[in-house]
Amino acid sequence: MSTQKIVTPSAESLAASARAAKKGGLPPVHLWNPPFCGDLDMRIARDGTWFYLGTPIGRVELVKLFSTILRKDGDKYFLVTPVEKVGITVDDAPFVAVDFNPVGDGLEFETNVGDRMVAGPDHPIRVERDPQTGEPSPYVLVRANLEALIDRKSFYRLVEIGEHAEHDGAKWFGLRSRDVFFPIIPSGELE
């Protein structure tokens with residue numbers, strides 16, 4: 001008979017493990033391969049609000065802590081510690097880019113949880129368009145398969161500084177950061 005105690009994951013146990021693993025910088029979740037412990041009733045809404053058991057998580061520091069142990073494997077999202085891996089639901093992207101500023105030859109984005117990245121080869125910008133309405137949904141890669149939805153006000157500001165350029169043999173309207181052109185929409189669709 002085994003004396004190993006079966007632990008049921010909870011937000012509290014994950015937070016405690018994340019605090020223990022976080023020592024200056026992001027925990028190395030890509031190196032951890034704990035057993036899958038099931039799904040947790042945690043959801044990240046399209047606007048970046050985190051919910052636990054259907055209630056918004058009001059403590060910003062707790063949301064920031066959870067964001068450091070977030071990982072995407074395939075199309076699924078997980079909170080990962082050295083000893084637990086639990087599935088969570090993400091409505092769209094796990095982060096929201098709430099602002100950006102020009103920095104040198106790049107565009108530096110900031111997310112709702114305080115991550116900062118400069119768009120470029122390692123942090124590309126992409127835009128998906130709704131097939132029915134044509135409405136754009138712009139994203140920037142934050143880290144390791146985790147994207148931020150660029151909020152509307154930031155996207156409008158980005159459009160103001162956009163440019164037309166050749167891309168894959170056609171003229172596109174898009175953005176440039178770190179000498180990389182990120183297409184948004186074919187130029188012909190703007191005329």
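## Pockets, a three-stranded sheet and aromatic pairs

The second largest pocket holds about 160 Å³ of space. This structure is a predicted model. The lining of that pocket is made by L26, P27, V29, H30, T68, L70, R71, K72, D73, R143, A144 and L146. Strand β4, residues 70-73, gives the most to this lining, with four residues. By class, six of the lining residues are nonpolar, two are polar and four are charged.

The largest pocket contains about 260 Å³ of space. It is lined by 14 residues, and the closest to its centre are E135, P136, P138, I150 and R152. Three elements each supply at least two residues of the lining: β11 (136-143), β12 (146-150) and α3 (152-160). Of the elements, α3 gives the most, with four residues. The lining of the largest pocket divides into eight nonpolar residues, one polar residue and five charged residues.

The two pockets are set side by side below.

| Pocket | Volume | Lining by class |
|---|---|---|
| Largest | about 260 Å³ | eight nonpolar, one polar, five charged |
| Second largest | about 160 Å³ | six nonpolar, two polar, four charged |

The next topic is a sheet. Strands of a sheet pair through backbone hydrogen bonds, either parallel or antiparallel. Here three strands form an open sheet in the order β13-β14-β15, with antiparallel pairing. β13 and β15 stand at the edges and each has a single partner strand, so one side of each is left without a neighbour in the sheet. On average, neighbouring strands of this sheet are turned by 55° against each other, direction ignored.

Strand β13 covers residues 163-167 and strand β14 residues 170-177, and five bridges join the two. One residue pair in this part is E166 with K171, its bridge partner in β14. The two strands form a hairpin with two residues between them, and D168 in the turn has a positive phi of about 50°.

On the other side of the order, β14 is joined by six bridges to strand β15, residues 180-186. The bridge partner of R176 is F181 in β15. β14 and β15 also form a hairpin with two residues between them; in this turn R178 has a positive phi of about 55°.

The last topic is the aromatic rings. A pair of aromatic rings is described by the distance of the centres and the angle of the planes. The model has three aromatic pairs. One of them is F36 with F78: the ring centres are 5.9 Å apart and the planes stand at 90°, above the 60 degree cut-off, so the pair is edge-to-face. F36 lies in strand β1 (residues 36-44) and F78 in strand β5 (residues 76-80), so this pair ties together parts that are 42 residues apart in sequence. F36 is partly exposed, with a relative accessible area of 48%. F78 has a relative accessibility of 8% and counts as buried, because the limit for buried is under 20%.

Another pair is F100 with F109, whose ring centres are 5.8 Å apart. Their planes are at 35°, so this pair is tilted. F100 and F109 are both buried.

Key. Residues numbered from 1 in each chain as written. Predicted model: local features only at pLDDT ≥ 70, side-chain atom pairs only at ≥ 80, totals over all residues. Heavy atoms only, no water. Pairing = 2+ DSSP bridges. Axes fitted to C-alpha atoms, helices over the stretch in contact; angles between N-to-C directions. 1 Å grid on protein atoms, 1.4 Å probe; cavity = no way out; pocket = protein on both sides within 12 Å on 5 of 7 lines; lining within 4 Å. Points joined across faces, edges and corners; volume = space filled by probe spheres on them. Nonpolar A, V, L, I, M, F, W, Y, C, P; charged D, E, K, R; others polar. Phe/Tyr/Trp six-rings, centres within 6.5 Å; stacked < 30°, edge-to-face > 60°. Buried < 20%, exposed > 50% of the residue type's maximum accessible area, 1.4 Å probe, protein only.
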